[in-house]
Amino acid sequence: MGWVNAIIQGVLTGGLYALFACGLSLMFGVMKVVNLAHGDLAVVAGYVAIGVITVTHIPVLWSFLIVVPLMALLGYVLQRTIIQGALDRSVLITLLVTFGLSVVIENGLLQFFSANSRAIGTGLSLVSGSFTLGSQIQIGYLLVVIFAVAVVVLLGLQYFLSRSRYGRLIRAVADDREAAQLAGADYRHVFGIAAALAFGTVALAGIAYGMYSQLSPTTGTDTILLFAFAAVVIGGLGSLWGTLLGGVVLGVAQQIGAQINISDEVLAGYIVFLAVLVLRPQGLISRRAQS
Amino acid sequence: MSLVSETTARPAAGFRVARSRRNVAWTGAAALIVVVVLAFFPYIVYSGTTTIVVQAFIVLTMASMWNLLAGYAGLVSVGQQAFVGLGAYFVLILALHGISPFAVLPVAAIGCGVVALPLWWLVSRLRSGYFAIATWVLAATIMLIIEKFSSIGGGTGMPLPGLAGLSPALLTAYTYWAGLAVTVVALAAVYLLLRGRLGLVLTAIRDDEVAARSSGARVGLARLLVFVVAGAGCGAAGALLAISQLQVQPGAVFSVQWTAEMAFVTIIGGLGTIEGPILGTAVYMVLQQTLASYNAWYLIILGLVAIAVALFARRGLWGLVDEHLHVRLFPVGYWLRRDGERPRGLRRPAKPREQRPG
């Protein structure tokens, strides 16, 4: 029974990891930017949510309405200034600049908010409650909600990219920037929109993780960024549904690892990641196989 | 196996390719004097000062290796802390078996170079950003594996044995000399590598990878060589770190902060120049010493400066020096000269070379 439980929990945490990963995947797919500050920005979103909730006493769910647009705006601004500036120079500079941002944000959080971890207290019975399946399997409502949110976000992204006007622009610019520019698209603005979308998902991921577990300044890199990356690589670069599958595989691997030895949770996930890297470097669902 | 499968390039008639000799002789002499003066430091300064200089040696060695990776081979590794940690653990494990930590230093470096081979195989197919995070995941994985062995301290680490017999003064002096030796060997290795075939191949890759491949440069082999050397160098720095701290703690030696420091030091000093990390280390030490009582602030400021330098002064501080004074302490490039023209040391290459990612 323990194994079945582990797999169910793993699948559900996979939704959370897919939420971590989709912003990373989107920014790479569109701008060829690997944002090394991805995880730290998620932690920033979580901290902002905690701040907003403590100051204004609004219900937790309302904080999403404030923090997600705020982060999206930050994404647009960062993309149009620092990240675009770095992109204009070279991919190498982009990496160096986002890595610099990551270290600065992480140490800034450490300096201002100490190394203590903090959770986003929801006070909602829906969030802290759980239901039981059979006699031993206990499933938290929160994880189910997060999984559902991840699926909705992925579906929404998919729909946005394939159907909407901006989605078409984003795909056009990602496919051939010069041709899109000749057709009148301002690629910088389009990149900004894509970054805003990615940062919106980053905010969702940060707040969701803060509700599910605890946020500390180092969570951004040692959990969010690395798990997001592992999910992207396992699933296959550039495929949104591959990202969900990658998140689920990572989550299941971690839960099975934890089942074997409680301290091996993270290690088991990484070992599966390395195995995929060696045996199937294009990921479980590769873009080439799809088309 | 040679780095270049066949050589077809010849300078056009009427030109010849030369390296300024005079410059090298002068800098060689100056470097020798600097090293000799540094070697006498333990006799003339307080042990507090030598401890700080050892820290600078560690940072300089790491930064030179990172510079080789990112500045010359276009490999942005965010996982060099893997080798720092492994170097420290090589020292700890062999010290637990009764071997003197100082004797282990070269073993740790070679060991890390050997470990770099399978790791390269894992990450070599990834490019730029994905290479960066994959090395980071590798470092995290190696730390998690090492933490599983309780005989070497598990998750909490343990003090380094084998040095208790030395008097404190002697220990500081030995550590200092070991640090000096590691740094000199590391810098000399980087210089000689870049002066030789490898430097040429790397420059070719940086300027145009496809063109380099089609003219016979073995791109993969050149990158492998750089990754192994950088692994060995960071391993030596990690071994030195273990000796200077007298304890090995997995969270500390495998911290991504090491890679942050190497990257910032290199970017600020000047990516893709041998002089850059030296200048960057000086800036680092000044910041770190003045802001020592403000916890992580030195790293925040260093990071902000590095971002600004990466965006607005790509060639770093050394680039500024070079622009105004036209000097190269470690000339690894070549000048193209007309026949009969006298070599002049104070000539710059026609155009600052573009950094290209791998």
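**Note on salt bridges, a hairpin and surface features in a predicted two-chain model**

1. The side chains of A:D264 and B:K148 come together in a salt bridge, with an N to O distance of 2.7 Å. Because A:D264 sits in the loop between α11 (240-260) and α12 (265-279) of chain A, while B:K148 belongs to the loop between α6 (128-146) and β2 (158-159) of chain B, this pair joins two chains. The two partners can also be described by their cover: A:D264 is buried, its relative accessible area being 15%, whereas B:K148, at 41%, is partly exposed. The model is a predicted one, and the contact should be read with that in mind.

2. The search of the whole structure, over all chains, returns 4 salt bridges. Within chain A, A:D88 is paired in this way with A:R188, and the closest N and O atoms of the two are 3.2 Å apart. A:D88 is part of helix α3 (residues 60-89) of chain A and A:R188 is part of helix α9 (residues 187-212) of chain A, so the salt bridge ties together parts that are 100 residues apart in sequence. On the side of helix α3, A:D88 counts as partly exposed because its relative accessibility is 41%; on the side of helix α9, A:R188 is likewise partly exposed, with a relative accessible area of 31%.

3. In chain B, a salt bridge is formed between B:R223 and B:E209, whose closest N and O atoms are 3.4 Å apart. This pair links distant parts of the chain, since B:R223 is in helix α10 (residues 219-245) of chain B and B:E209 is in helix α9 (residues 209-214) of chain B, 14 residues apart. Both B:R223 and B:E209 are buried. A further residue, B:R213, has to be considered with them, as B:E209, B:R213 and B:R223 are linked in a network of salt bridges.

4. Another buried position in chain B is B:L302, which has a relative accessible area of 1% and lies in helix α14 (residues 297-312) of chain B. The C-alpha atom of B:L302 is separated by 7.8 Å from that of B:L287, a residue 15 positions apart from B:L302 along the chain.

5. Turning to the strands of chain A, strand β1 (residues 130-133) runs antiparallel to β2(A), and 4 bridges join the two. At one place in this pairing A:S130 has A:G140 of β2(A) as its bridge partner, and at another A:L133 stands opposite A:I137 in β2(A). The two strands form a hairpin with 3 residues between them, and in the turn A:G134 has a positive phi of about 65°.

6. Which residues of strand β2 of chain A make up its covered face, and which its uncovered one? In this strand (residues 137-140), A:I137 and A:I139 form the covered face, while A:Q138 and A:G140 form the uncovered one. In a regular strand, side chains alternate between the two faces of the sheet. The bridge partners named above can be placed on these faces: A:I137, which faces A:L133 across the pairing, is on the covered face, whereas A:G140, the partner of A:S130, is on the uncovered face.

7. On the surface, A:R163, A:R165, A:R168 and A:R171 gather in a patch of positive charge. The largest share of this patch, 3 residues, is contributed by helix α7 (residues 165-175) of chain A. A:R163, by contrast, lies in helix α6 (residues 141-163) of chain A; it counts as exposed because its relative accessibility is 55%, and exposed here means over 50%.

8. Two residues of chain A deserve a check of their backbone angles. A:H57 is not a glycine and yet has a positive phi of about 60°; the residue is found in the loop between α2 (38-56) and α3 of chain A, where it is exposed, with a relative accessible area of 66%. A:S114, which is not a glycine either, has a positive phi of about 65°. The place of A:S114 is in the loop between α4 (91-113) and α5 (125-128) of chain A, and at 29% relative accessibility A:S114 counts as partly exposed.

Key. Residues are numbered from 1 along each chain as its sequence is written. Chains are lettered from A and ligands numbered from 1 in the order in which they are written. This is a predicted model: local features need pLDDT of at least 70, side-chain atom pairs count only at pLDDT 80 or more; totals for chains, interfaces and linings use all residues. Side-chain values use heavy atoms; hydrogens and water are left out. Patches are made of residues with over 30% relative accessible area and no salt bridge: like charges are joined within 9 Å, nonpolar side chains (Val, Leu, Ile, Met, Phe, Trp, Tyr) within 5 Å. Accessible areas come from the Shrake-Rupley method with a 1.4 Å probe; for residues, only the protein chains shown count as cover. Lys and Arg count as positive and Asp and Glu as negative; His and the chain ends are not counted. The place of a charge is taken as NZ of Lys, CZ of Arg, CG of Asp or CD of Glu. Buried means under 20% relative accessible area, exposed over 50%, partly exposed in between (1.4 Å probe, protein chains only). Two strands pair if DSSP finds at least two bridges between them.
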